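Please open the structure in your viewer and keep the selection tool at hand, since this tour moves from one selection to the next and describes what is found at each stop.

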Amino acid sequence: MTALIGVGLYTPAEAARLLRIPAGKITRWLRGHEVKGKWYDRLWRPQVDLADGKVYLGFRDLMEMRTVNAFMQAGLSAFMVRRAIDEAKNLIDDERPLSTKKFFTDGRSIFLEIVDESGDPKLLDLFERQYAFKRIMEASLKDVEFDGAAPSRWWPMTKAQKILVDPERAFGQPIEAESGVPTAVLAAAAKAEQSSEIAASLWQVSVPSIKRAIKFETELLAAA
């Protein structure tokens, strides 16, 4: 388990709960699948392999999955996304390129941010191999913090609401940021005690921490 510290660990069901993407779709994208006799390889190799035949995700997988889903919701096909991943892997040498800061989409194609010879940032259209000036959507990167080009932490609501997903803490499970305690634990304590105040006392956290955890878990449940 030590090897998972800083990587994060999520089942498809847990990832589905956080990303609001069906677990079956997540599994298909990371395991590969067959449609009408044709086999489609997985989009990329997951960070985590527990050698039990099941699919698991690390934090980078979680962020890549979020971006892939955003691209598809913007109108890009799975075929185009797959091509972009394959092209970008070679160009920027990253197994999960779409979740890096170098990627953006305008809803019609996918662009890889590069720096030209003059030092100005440009966008390389991976499909047409042409440059375009920066005019993109960055919604898929919203509320994500980066360590260099790679995503490192995610505030799944907003930063002000103090719910954090950090692979360095609690194996990447959502935590209430002030206390560092998983939101599921605090919400369950409040439910068991039928009191935010008692739960806060038992866990030695503030009542607002308990209420933030309850709000987050309630919204996840409602979206499931």
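To compare two helices, we use an axis for each, which is a line fitted to the C-alpha atoms over the stretch in contact, and the angle between two axes runs from 0 to 180 degrees between their N-to-C directions. Keep in mind throughout that this is a predicted model.

Select helix H1, residues 12-19, together with helix H3, residues 59-73, and you will see two helices whose axes come within 11 Å and cross at roughly 50°. Because of that angle, H1 is oblique to H3, and H1 passes H3 in a right-handed crossing.

Next, show the side chains where these helices meet: Ala15, Leu18 and Leu19 belong to H1, and they meet Leu62, Met65 and Arg66 of H3. Of the residues in this contact, five are nonpolar and one is charged, while no polar residue takes part.

Now keep H1 alone and colour Pro12, Ala15, Ala16, Leu18 and Leu19, which are buried. These residues lie on the same side of H1, because they cover an arc of only 165° around the axis. If you bring the surroundings back, the elements that cover them include helix H2 (23-31), H3, strand S8 (150-154) and helix H7 (207-223). Just after H1, stop at Arg20, which takes a positive phi of about 60°.

Finally, move to helix H7 and select Glu217. Is Glu217 buried or exposed? Glu217 counts as buried, because its relative accessibility is 13% and buried means under 20%. Leaving aside residues up to four places away in sequence, Glu217 touches Arg17, Thr183, Ala184 and Ala187.

Key
Residues are numbered from 1 along each chain as its sequence is written. This is a predicted model: local features need pLDDT of at least 70, side-chain atom pairs count only at pLDDT 80 or more; totals for chains, interfaces and linings use all residues. Side-chain values use heavy atoms; hydrogens and water are left out. Helices (H or I, at least four residues) and strands (E, at least two) are DSSP runs, numbered from the N terminus. Angles under 35 degrees count as roughly parallel, over 145 as roughly antiparallel, 65 to 115 as roughly perpendicular and the rest as oblique. A crossing is left-handed if the near helix is turned anticlockwise from the far one by less than a right angle, and right-handed if clockwise. Contact means heavy atoms within 4.5 Å. Ala, Val, Leu, Ile, Met, Phe, Trp, Tyr, Cys and Pro count as nonpolar, Asp, Glu, Lys and Arg as charged, and the others, Gly among them, as polar. Buried means under 20% relative accessible area, exposed over 50%, partly exposed in between (1.4 Å probe, protein chains only). The arc is that of the directions from the helix axis to the C-beta atoms.
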